[in-house]
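Dear colleague,

I am passing on a structure that you have not worked with before, and my notes on what was found in it follow directly below. Please read them with the model open beside you.

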Amino acid sequence: MKRDMLMVVPIFYHVSSSDVRHQSNCFEQAFSNHEVDPEIAQQKVETWRAAFREVGAISGLHVTQVHNTGMKWKS
């Protein structure tokens, strides 16, 4: 369900937004595991994949071991 006027700021904690968007690296293995799990409906996995693609395309905060980059907050 989508709603207008919501502000979403993803925090990419030690992951690349590209990996989230494209479901690569650790996300690729995790989704593969979910797809073969008989207790998880395939439609649910597809919903999760779509959500990750959408969130990965949004500008957000990137937290890494070296430094934190991203949006500047106004108070």
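A convenient place to begin is S18, which is found in helix 1 and which, at 27% relative accessibility, counts as partly exposed. Please keep in mind throughout that this is a predicted model, and that what I say about S18 and every other residue is computed from that prediction. Once neighbours within four places in sequence are left aside, S18 is in contact with Q23 and S24. The C-alpha atoms of S18 and G56 are separated by 6.4 Å, although the two residues are 38 apart along the chain.

Beside S18 in the sequence is S17, which also lies in helix 1; with a relative accessibility of 17%, S17 counts as buried, because the limit for that class is under 20%. Not counting residues up to four places away in sequence, S17 touches F12, G56 and H62.

To place these residues in the whole, the chain has 3 helices and 3 strands, and, read along the sequence, these elements follow the pattern β-α-α-α-β-β. Of the 75 residues in the chain, 20% are buried, while the surface that the chain exposes comes to about 6,200 Å², with carbon and sulfur atoms supplying 55% of it. If one takes the contacts between residues at least 6 apart in sequence, 58% of them join residues that are at least 24 apart.

The loop between helix 1 and helix 2 deserves some attention, and it holds both Q23 and N25. Q23 counts as buried, at 7% relative accessibility, and, leaving aside its neighbours within four places in sequence, Q23 is in contact with S18, E28, F31, R49, F52 and R53. N25, by contrast, is exposed, with a relative accessible area of 54%, and its phi is near 55°, a positive value in a residue other than glycine. A positive phi, of about 60°, is also found at H14, again not a glycine; H14 lies in the loop between strand 1 and helix 1 and counts as partly exposed at 40% relative accessibility.

As for the interior, the largest nonpolar core has 6 residues, namely F12, V20, F27, F31, I40 and V45. In soluble globular proteins, nonpolar side chains tend to be buried together. One member of this core, F31, is in contact with Q23, V45, W48, R49 and F52 when its neighbours within four places in sequence are left aside.

Helix 3 can be described in more detail. The 15 residues of helix 3 should span 21 Å at 1.5 Å a residue, and the C-alpha atoms at its ends are indeed 21 Å apart, so the expected and the modelled spans agree. The buried residues of helix 3 are V45, R49 and G56, and they cover an arc of only 45° around the axis, which means that they sit on the same side of helix 3. What do the buried residues of helix 3 pack against? Their partners are strand 1 (11-13), helix 1 (17-22) and helix 2.

R49, which appears among those buried residues, also takes part in the 1 salt bridge that was counted. Its partner is E35, and the closest N and O atoms of the pair are 3.2 Å apart. The salt bridge links distant parts of the chain, since E35 belongs to helix 2 (residues 26-36) and R49 to helix 3 (residues 42-56), with their positions 14 residues apart in the numbering. Which of the two partners is buried and which is partly exposed? R49 is the buried one, with a relative accessible area of 15%, whereas E35 counts as partly exposed at 31%.

If you would like a route through the model, I suggest starting at S18 in helix 1, going on to Q23 in the loop between helix 1 and helix 2, and then following the contact from Q23 to R49, from which the salt bridge leads to E35.

With kind regards

Key:
Residues numbered from 1 in each chain as written. Predicted model: local features only at pLDDT ≥ 70, side-chain atom pairs only at ≥ 80, totals over all residues. Heavy atoms only, no water. Helix = DSSP H or I, 4+ residues; strand = E, 2+ residues; numbered from the N terminus. Buried < 20%, exposed > 50% of the residue type's maximum accessible area, 1.4 Å probe, protein only. Contact = heavy atoms within 4.5 Å. Areas by Shrake-Rupley, 256 points an atom, 1.4 Å probe, with all protein chains shown as cover. Salt bridge = Lys/Arg side-chain N within 4 Å of Asp/Glu carboxyl O. Core = buried A, V, L, I, M, F, W, Y, C linked by side-chain atoms within 4.5 Å. Expected span 1.5 Å × (residues − 1). Arc of directions from axis to C-beta.
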